[in-house]
Amino acid sequence: MATLRELSEITGYSIATISRVLNGDETLKVTENTRSMILEAAGKADYPSKHVNKKNGSGVHLKLGIVEMVTTQESEKDPYYLYVKNNVEQCCFANGMETFVMQYDENEGIYRSAASRELDGILAIGQFREEQIVAIEKCTSRIVFLESAPFPEKYCSVMPDYEVGIRQGVDYLIAQGHRKIVFVGPEFSTDSTCQQAPELRRKFFADYMKRQGKEAEGILLDTEWQGDDVAEQIMQYVKDFQESGERPTAFFTYNETTALGVFRALQIMGYQVPDDFSILSYNDTALATMMQPKLSGIHINIEEMVKHAVWLMERMATGEGEIPLRISVPATLVVRESVRSV
């Protein structure tokens, strides 16, 4: 992953400015273009160099569309999907493929691109409404979904294995001596067709903690995932257990934006991470290494997901993809500084 100094050299902005943008400092006055540039540079620098120029034009030359579920404003709040998109673009380039970002026209119900000829396929990142999926299919029947799996009998997809990641995280925290663990995140999120559904990470955490019996207790703190909302709820939660005396030792967060909210609340209340509380987060993007202390996390192997999505696209383009496949990519535990033994 890139360092702050490397990002400073890439973007021309100071290390302090980059650090404050990546840490969601809302008191920093910068333009939206500056914020977007820094986030995009971090996402691109996060892409492992071993993939670049691996094939570089020797693969199947395809013109691929990229469609995203999030807007630029949404990606600034949670840059995870920006990292996915940047990985897609670089992996396609390394494999000699040309990509076109497509925009959805709500009024017409169609996707538009600047491609000069018919697209050979579309890589769809995130969750989409059924009418959007229909609009995607009007462009091409060759579709691979990343981070969702709508209509698996019809479309190929690549998903992170959230259950494996949660299990790794809980096992690690218990091994470090934590016996009262709080999961911080939303109770509901959207499923593969944008319908409200129980949040998978929260569900897997609750189920796995029940299996621990008396060895450890899992607590569910239902919050929004954005930093400011989380900070307020965490401060109230801390006040409540200060009065009751039932104090947890670790927080397991839905994503890094949520972790930032927990960090912020604990700092405001005079606590230190990890001396007073440990924090483990899902996602593990470049942002994790730029927090102080550096954030331990469950790393979603974006580069592996993207590599398999591109392989599925090549498979369909060469006529080998008769049956739609669903690929589940396991996560990896990354130990840094935000968790300590108790």
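**Entry 1: Cys 194**

I began with Cys 194, which has a relative accessible area of 28% and is therefore partly exposed, and I note at once that the model I am reading is a predicted one. I found Cys 194 in the loop between strand E9 (188–190) and strand E10 (196–198). I looked up its backbone angle as well, and phi of Cys 194 is near 65 degrees, a positive value in a residue other than glycine. I wrote beside this that most residues other than glycine have a negative phi, and that most peptide bonds are trans.

**Entry 2: other backbone angles**

I went on to Asn 283, another residue other than glycine with a positive phi, in this case near 100 degrees. Asn 283 belongs to strand E13, and with a relative accessibility of 3% the residue counts as buried, because the cut-off for buried is under 20%.

I then looked up the cis peptide bonds. One runs from Val 273 to Pro 274, with omega near 5 degrees, and Pro 274 has its place in the loop between helix H10 (256–268) and strand E13 (278–283). Another cis bond joins Gln 292 and Pro 293, with omega about -5 degrees, and I located Pro 293 in the loop between E13 and strand E14 (296–299).

**Entry 3: the chain as a whole**

I stepped back to the overall figures, and counted in the protein chain are 11 helices and 16 strands. The protein chain has 342 residues, and 54% of them count as buried. For the contacts in the chain with a separation of 6 or more, I noted that 71% come from residues 24 or more positions apart. The accessible surface of the chain comes to about 15600 Å², and carbon and sulfur atoms hold 46% of it.

**Entry 4: nonpolar cores**

Which residues touch the most other members of the largest nonpolar core? I found that they are Phe 251 and Phe 252, in a core of 88 residues. A second core, separate from that one, has 15 residues, among them Phe 100, Ala 115, Ile 143 and Tyr 155.

**Entry 5: aromatic rings**

I looked up the ring pairs next, and the structure holds 14 aromatic pairs. For Tyr 237 and Phe 251 the ring centres are 6.5 Å apart and the planes stand at 80 degrees, so this pair is edge-to-face. The two residues are 14 positions apart and link distant parts of the chain, with Tyr 237 in helix H9 (residues 227–244) and Phe 251 in strand E12 (residues 250–253). Tyr 237 counts as buried at 15% relative accessibility, and Phe 251 is buried with a relative accessible area of 0%. I also noted a cluster in which ring pairs link Tyr 237, Phe 241, Phe 251, Tyr 271 and Phe 277. In a separate look at charges and rings, I found the charged end of Arg 201 over the ring of Tyr 282, at 5.5 Å from its centre.

**Entry 6: helix H1 and Gly 12**

Which residues of helix H1 (residues 4–11) are buried? I found Leu 7, Ser 8 and Thr 11. They cover an arc of only 105 degrees around the axis, so they lie on the same side of H1. I set beside this that an α-helix has 3.6 residues a turn, so residues three or four places apart point the same way. On the face of H1 turned away from the buried side, I found the exposed residues Arg 5, Glu 9 and Ile 10. Just after H1 comes Gly 12, which takes a positive phi of about 85 degrees.

**Entry 7: two buried helix residues**

From Gly 12 I moved to Ile 38, since I wanted to see how these positions relate; their C-alpha atoms are separated by 9.6 Å, although the two are 26 residues apart along the chain. Ile 38 lies in helix H3 (residues 32–45), and at 1% relative accessibility Ile 38 counts as buried. Leaving aside residues up to four places away in sequence, I found that Ile 38 touches Tyr 13, Thr 17, Ile 18, Val 21 and Leu 22.

My last look was at Ala 135, in helix H6 (residues 130–139), which is buried with a relative accessible area of 1%. Leaving out residues up to four places away in sequence, Ala 135 touches Tyr 104, Gly 109, Ile 110 and Tyr 111. Of these I followed Tyr 111, which is 24 residues from Ala 135 along the chain, with 6.4 Å between the two C-alpha atoms.

Notes
Residues numbered from 1 in each chain as written. Predicted model: local features only at pLDDT ≥ 70, side-chain atom pairs only at ≥ 80, totals over all residues. Heavy atoms only, no water. Phe/Tyr/Trp six-rings, centres within 6.5 Å; stacked < 30°, edge-to-face > 60°. Helix = DSSP H or I, 4+ residues; strand = E, 2+ residues; numbered from the N terminus. Buried < 20%, exposed > 50% of the residue type's maximum accessible area, 1.4 Å probe, protein only. Lys NZ or Arg CZ within 6 Å of the ring centre and 35° of its normal. Contact = heavy atoms within 4.5 Å. Areas by Shrake-Rupley, 256 points an atom, 1.4 Å probe, with all protein chains shown as cover. Core = buried A, V, L, I, M, F, W, Y, C linked by side-chain atoms within 4.5 Å. Arc of directions from axis to C-beta.
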